[in-house]
Amino acid sequence: MKAEILNFKCVGLSDGGKFPIEYTGRGQDISPEFILKNLSSEAETLAVTLEDLSHPIKNFTHWVIWNIPAAERIAPAVPAGKRVSSLGGAIQGIGYGLHRYAGPKPPRGKTHMYRLTLYSLSQRLDLSSYAGKRTFLRKADRLILQAGSITGAFE
């Protein structure tokens with residue numbers, strides 16, 4: 001099944017724009033707020049990944065979280081932890097942010113491009129918090145109803 005496009009707004013960041021300092025490792029390092037615009041009525045959960053597209057390790061994962069209850073808004077500043085009780089027991093996996101959001105923080109003087117991707121899924125995933133992005137995507141493959149992404153730069 002081919003996923004439909006999930007349209008969303010990342011508060012403070014427009015596609016192709018610059019990451020606001022508060023979402024980065026040089027600021028408050030908090031996850032942004034997301035407003036979903038066309039969430040499928042069939043969606044049961046949401047997931048988010050943040051990747052560094054400029055990192056020497058291809059598409060280096062900064063953050064992966066899944067099993068967020070489907071809603072038209074994901075609040076900012078998701079707390080650290082394997083399970084996030086404020087998000088219905090959502091699970092944060094392994095990335096640069098070990099069970100937490102870790103925002104952009106490239107080497108000083110370098111600009112890196114980052115991609116935030118949101119997914120809507122037809123059901124919850126039974127997946128260990130020690131899973132990374134690749135394992136999440138493999139397990140979620142046939143359950144993804146919608147996906148959408150935006151990119152942003154930070155130096």
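**A walk around helix H1 and strand S6**

The cover over the buried residues of helix H1 includes strand S5 (45–52), S6, strand S10 (112–121) and strand S11 (144–154). Cover here means contact, with heavy atoms within 4.5 Å, and buried means under 20% relative accessible area, exposed over 50%, partly exposed in between, for a 1.4 Å probe and protein chains only. Helices (H or I, at least four residues) and strands (E, at least two) are DSSP runs, numbered from the N terminus.

Before we go on, a word on the model: it is predicted, so local features need pLDDT of at least 70 and side-chain atom pairs count only at pLDDT 80 or more, while totals for chains, interfaces and linings use all residues. Residues are numbered from 1 along each chain as its sequence is written, and side-chain values use heavy atoms, with hydrogens and water left out.

Back to H1 (residues 133–140), whose buried residues are Lys 133, Phe 136 and Ala 140. Seen down the axis of H1, these fall within an arc of 65°, so they line one face of the helix; the arc is that of the directions from the helix axis to the C-beta atoms. Arg 134 and Arg 138 are exposed on the other side of H1.

Now turn to S6 (residues 60–69). Of its 10 residues, 9 are buried, so S6 is largely enclosed by the rest of the structure. Strands count as paired if DSSP finds at least two bridges between them. S6 pairs with S5 in the antiparallel sense over 7 bridges, and Leu 46 has Ile 68 as its bridge partner in S6. With strand S9 (residues 90–92), S6 shares 2 bridges, again antiparallel; here Ile 65 stands opposite Gln 92.

Thr 61 in S6 is a good place to pause. Thr 61 is buried, with a relative accessible area of 14%. Leaving aside residues up to four places away in sequence, Thr 61 touches Leu 50, Glu 51, Gly 95, Tyr 96 and Lys 133.

Thr 61 and Lys 133 also help line the largest pocket, together with Ile 57, Lys 58, Asn 59, Phe 60 and Arg 134. S6 and H1 are the elements that give two or more residues to this lining. On a 1 Å grid over the protein atoms alone, a pocket is an open set of points with protein on both sides within 12 Å along at least five of seven lines, and lining residues have an atom within 4 Å of a point. The lining divides into 2 nonpolar, 2 polar and 3 charged residues.

Note on methods: 1 Å grid on protein atoms, 1.4 Å probe; cavity = no way out; pocket = protein on both sides within 12 Å on 5 of 7 lines; lining within 4 Å. Nonpolar A, V, L, I, M, F, W, Y, C, P; charged D, E, K, R; others polar.
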